Amino acid sequence: MTEKTTGASYAAAGVDIEAGDRAVELMKEWVKKTQRPEVLGGLGGFAGLFDASALKRYERPLLASATDGVGTKVDIARQLGVYDTIGHDLVAMVMDDIVVCGAEPLFMTDYICVGKVHPERVAAIVKGIAEGCVLAGCALVGGETAEHPGLLGPDDFDVAGAGTGVVEYDRLLGADRIRTGDAVIAMASSGLHSNGYSLVRHVLFERAKMSLEQHVEELGRTLGEELLEPTKIYSLDCMALTRTAEVHAYSHITGGGLAANLARVIPDHLHATVDRSTWAPGAIFDLVGKAGQVEQLELEKTLNMGVGMMAVVPQESVDVALTALADRGVDAWVAGEILDRGDHAEGATMTGTYAS
């Protein structure tokens, strides 16, 4: 009698199609909450559809696009088993890049890569992305969940996303609009956001031997809660500010720190100075610096130091801008100014010492 052999299958290779289908069903309700009137069709098609006839009201529409992830912050979410906030970080990283040029966020797609599909876990990640899209004013029109057994562990995952926005050509913000004497307005971050976590994890876990469950008096909560604080999404705040006051440029403070990101929107003949004494960075920044004996300049080129977005506005718009941001609950202040380049070799520099 010949022994029956079992043929190979996708499931035997580690890919569970039924679990993927279950994840899609669970996420549908959250995706639906992000829909804009321009979105056609529902979740499950091969492509997301957005009615471009909505752009007819523009004389010369420019499409703005961006893509990003959230870096090693996903490992904090994995360790804590908290999956419904990391999506806020993803939307912020993508859509706050798009709004910098003055564009209105329109829609976004996501990519979730997992070692093993746990439907509830994937749905929780998408829930966070959907909630972030609502906060950014954009639609989540589609995405992909990929299962990579053998490459990722059963609990490992990563997320990435891409977004699209639109801006009228003659309302495009950036270096061309900036003038000598403009004010630099800082908007407070909600914490570390989603940058520099490789440094943060090395310092706090490997060098200081701290744990995520550890309550840290200076933070007023556990270290894990602090590190998972969602990135603030500024998209709607920036759009509202642009409608209310004259804005010349925005700078999203992400990887590379405050000065380097601000320099990206400063024209070659001008220079931006940012006065550290105008704010006090949150306790988490001091904790990372002291625990790892990290030099100030290294901190500043890695972390946002308490500032997540900056706006460059003419002096006559400062009061209106600060009032508009305060009305939206955004903590903002004048942190610097635009000067002639002179002998400065860099586009933006930090001056003074941080307030205590």
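## A starting point: Gly329

Let us begin at Gly329, which sits in the loop between helix H11 (318-327) and strand E13. Is Gly329 buried or exposed? Its relative accessible area is 62%, and because anything over 50% counts as exposed, Gly329 is exposed. Across space, the C-alpha atom of Gly329 lies 9.2 Å from that of Asp237, although 92 residues separate the two in sequence.

## The chain as a whole

Please keep in mind that this is a predicted model. With that said, here is the wider view. The chain holds 11 helices and 14 strands. Of its 356 residues, 52% are buried.

How do contacts bridge the sequence? Taking contacts between residues at least 6 apart in sequence, 85% join residues at least 24 apart. Gly329 and Asp237 have already given us one pair that is separated along the chain, by 92 residues, and the strands below offer further pairs to look at.

## Strand E11 and its two partners

Strand E11 covers residues 270-275, and 5 of its 6 residues are buried, so the strand is largely enclosed by the rest of the structure. Which way does E11 run relative to E13? The two are antiparallel and are joined by 5 bridges. Within this pairing, His271 has Leu339 of E13 as its bridge partner. E11 also pairs with strand E14 (residues 348-351), here in the parallel sense and through 4 bridges. In that case Ala272 is matched with Ala348 of E14.

Ala272 is a good residue to visit in E11. Its relative accessibility is 0%, and it counts as buried. Which residues does Ala272 contact, once neighbours within four places in sequence are left aside? They are Leu262, Ile266, Glu337, Ile338, Gly347, Ala348 and Thr349. Of these, Gly347 is 75 residues away from Ala272 along the chain, yet their C-alpha atoms are separated by 6.2 Å.

## Asp340 in strand E13

Strand E13 spans residues 332-340 and includes Asp340. Not counting residues up to four places away in sequence, Asp340 touches Thr180, His269, Leu270 and His271. One of these contacts, Leu270, is 70 residues from Asp340 in sequence, while the C-alpha atoms of the two are 4.6 Å apart. His271, also touched by Asp340, is the residue whose bridge partner in E13 is Leu339.

## An open sheet of four strands

Elsewhere, 4 strands line up in the order E3-E6-E4-E5 to form an open sheet with mixed pairing. Strand E3 (61-69) and strand E5 (139-147) stand at the edges; each has a single partner strand, so one side of each is left without a neighbour in the sheet. On average, neighbouring strands here are turned by 15° against each other, ignoring direction.

Now look at the pairing of E4 with E6. Strand E4 (residues 104-114) and strand E6 (residues 157-168) are antiparallel and share 10 bridges. To find one of these on the model, start from Cys113, whose bridge partner in E6 is Asp158.

## Helices H2 and H5

Helix H2 (residues 73-80) and helix H5 (residues 197-207) have axes that come within 8 Å and cross at roughly 50°. The two helices are therefore oblique to each other. Where they meet, Lys73, Asp75 and Ile76 belong to H2, and Tyr197, Arg201 and Phe205 belong to H5. By class, this contact has 3 nonpolar and 3 charged residues, with no polar ones.

## From Thr85 into helix H3

Thr85 is found in the loop between H2 and H3. A relative accessible area of 18% makes Thr85 buried, because the cut-off for buried is under 20%. Beyond residues up to four places away in sequence, Thr85 touches Leu228 and Pro230.

Helix H3 (residues 86-98) follows. How far apart are the end C-alpha atoms of H3? They are 19 Å apart, which agrees with the 18 Å that its 13 residues should span at 1.5 Å a residue. Of those 13 residues, 12 are buried, so H3 is largely enclosed by the rest of the structure. Among the buried residues are Ile86, Gly87, Leu90, Met93 and Ile98, along with the charged residues Asp89 and Asp96.

Key: Residues numbered from 1 in each chain as written. Predicted model: local features only at pLDDT ≥ 70, side-chain atom pairs only at ≥ 80, totals over all residues. Heavy atoms only, no water. Pairing = 2+ DSSP bridges. Axes fitted to C-alpha atoms, helices over the stretch in contact; angles between N-to-C directions. Expected span 1.5 Å × (residues − 1). Buried < 20%, exposed > 50% of the residue type's maximum accessible area, 1.4 Å probe, protein only. Parallel < 35°, antiparallel > 145°, perpendicular 65-115°, else oblique. Contact = heavy atoms within 4.5 Å.
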